[in-house]
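Please open the model in a viewer and keep the sequence panel visible. The tour proceeds by selections, each followed by a description of what is found there.

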Amino acid sequence: KKDQLILGIETSCDETAVAIIKNGQEIAANVVASQIESHKRFGGVVPEIASRHHVEQITIVLEEALKQANVTMAEIDAIAVTEGPGLVGALLIGVNAAKALAFAHQKPLVPVHHIAGHIYANWLVTELQFPLLALVVSGGHTELVYMKEHGHFEVIGETRDDAAGEAYDKVARVLNMPYPGGPHIDRLAHEGSPTIDLPRAWLEDGSYDFSFSGLKSAVINTVHNAEQRGETIPPENLAASFQASVIDVLVKKTMDAVAEYRVKQVVVAGGVAANKGLRSALEEAFSGSEIDLVIPPLSLCTDNAAMIAAAGSVMFEKGIRAGMTLNANPGLDI
Ligand code: KG4
Ligand code: ZN
């Protein structure tokens, strides 16, 4: 049987990415142009700037991916693209590039949900074992997703306010750290101890939803109250306390869902999966258990197009197609 080659395009936020995946799981090319440097001085992603960078980068990144995989467009079986959710102006660049390529080369166009992509980053690492539970923790999302088979997604819990990564970035800002703040807080947390009592939002009994805005406000208030008293709280202890609170909730809710849904595998996805504290807390929670825990390498946790092409491969096999009317959908449900 001929190898299947899927070209994936991802432009939902601040990375312009194109990848080519062979037979769903093998990375033939994975190119990511990050815009972090351009957004840093604004302390966050500026949508207008993101769109402009995508326009400038998309063709260059595409050419680079084809070169890396050493293939031509003629050899590609389908084009998968992130349809949503994300920044509308950013998504539009990828969607239009995908449509133009599909039209010019007469290739099938496969729409992909960004979170499905994040989850499928794990398929690039290992076989998926169903039923599985995915803990998706990124700058824009915090979700627990149950999957009973390939291409089936059931959101069993999600954040009611801030995403975990968003809380990290906002707390980092209060502590005068650069954007994105997650890695800085993570590093600082390991130098301190969780000496400050911060809230944990468990929500109603049995709920797998999350809430991080109360925690974020508690950190901000703690800093401001200390300032008013003319004191300073050691930032490493504040970081450690904040991180402990986030991890406690993420790990406990994951474990509860694992028990209720009797899954075989837990996969972790999104930028916050890079967090050292979270990784070791999950590893400890699952050590000696029969449940397989998968955490992708850092480069596949943050936004990339390899994950979009991998998910696209499954959608392609399922017969999912989009026409030339495909539009960006910033609020798309999985
Ligand atoms: O998945 P991602 O690249 O983009 C979105 O789809 O949102 O995630 C980016 C988020 C940022 O909020 C960043 O601060 C966070 O992931 N992040 C981390 C770490 N590395 C990245 N958060 C906590 N600890 C880290 N080590
Ligand atoms: Zn993402």
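**The five-stranded sheet**

This is a predicted model. Begin by displaying the strands: five of them form an open sheet with mixed pairing, in the order β3-β2-β1-β4-β5. Next, colour β3 (26-34) and β5 (109-113), which stand at the edges; each has a single partner strand, so one side of each is left without a neighbour in the sheet. Viewed along the sheet, neighbouring strands are turned by 20° against each other on average, direction ignored.

Select β1 (residues 5-10) together with β4 (residues 78-84). These two strands run parallel and are joined by four bridges. Within this pair, Ile6 is placed opposite Ala78 of β4.

**Helices on the sheet**

Add helix α3 (residues 88-105) to the display. Helix α3 packs on the sheet and touches β1, β4 and β5. The direction of α3 makes about 155° with that of β4. Then add α11, which also packs on the sheet, with contacts to β1, β2 (15-22), β3, β4 and β5. Relative to β1, the direction of α11 makes an angle of about 125°.

**The hairpin**

Select β2 and β3 next. They run antiparallel, with eight bridges between them. One pairing to label is that of Val18, whose bridge partner in β3 is Val31. The two strands form a hairpin with three residues between them. In the turn, Asn23 has a positive phi of about 50°.

**The annotated binding site**

Which residues does the UniProt annotation "binding site" cover? The record, an unreviewed entry, gives His114, His118 and Asp303. Show these three as sticks: they are spread over 190 residues of sequence, yet they cluster in space, with a largest C-alpha distance of 9.0 Å.

Centre the view on His118, which is found in helix α4 (residues 114-120). Is His118 buried or exposed? His118 counts as buried because 31 C-beta neighbours lie inside 10 Å, and 20 or more are required for that class. Leaving aside neighbours within four places in sequence, the contacts of His118 are Val136, Ser138, Ala269, Gly270 and Met307.

Move on to Asp303, located in the loop between α10 (298-301) and α11 (306-317). Asp303 is buried as well, because 28 other C-beta atoms lie within 10 Å. If residues up to four places away in sequence are not counted, Asp303 touches Glu10, Cys13, Glu15 and Ala17.

**A pair of packed helices**

Now select helix α5 (residues 164-174) and helix α6 (residues 182-189). Their axes are 8 Å apart, and the helices pack at an angle of about 75°. An angle of this size makes α5 roughly perpendicular to α6, since the range for that description is 65 to 115 degrees. To display the contact, select Gly165, Tyr168, Asp169, Val171 and Ala172 on α5, and Gly182, His184 and Ile185 on α6. By type, the residues of this contact divide into four nonpolar, three polar and one charged.

**The annotated domain**

Finally, select residues 26-309, which UniProt lists as "domain: Gcp-like" in an unreviewed entry. The span is 47% helix and 16% strand. Label the C-alpha atoms at its two ends: they lie 10 Å apart.

Note on methods:
Residues are numbered from 1 along each chain as its sequence is written. Chains are lettered from A and ligands numbered from 1 in the order in which they are written. This is a predicted model: local features need pLDDT of at least 70, side-chain atom pairs count only at pLDDT 80 or more; totals for chains, interfaces and linings use all residues. UniProt positions are given in the numbering used here, feature names are shortened, and annotations may be inferred rather than shown by experiment. A residue is buried if 20 or more other C-beta atoms lie within 10 Å of its own, exposed if 12 or fewer, and partly exposed in between; C-beta atoms are placed from the backbone. Two residues are in contact if their C-beta atoms, placed from the backbone, lie within 7 Å. Two strands pair if DSSP finds at least two bridges between them. Axes are lines fitted to C-alpha atoms, for helices over the stretch in contact, and angles run from 0 to 180 degrees between N-to-C directions. Angles under 35 degrees count as roughly parallel, over 145 as roughly antiparallel, 65 to 115 as roughly perpendicular and the rest as oblique. Ala, Val, Leu, Ile, Met, Phe, Trp, Tyr, Cys and Pro count as nonpolar, Asp, Glu, Lys and Arg as charged, and the others, Gly among them, as polar.
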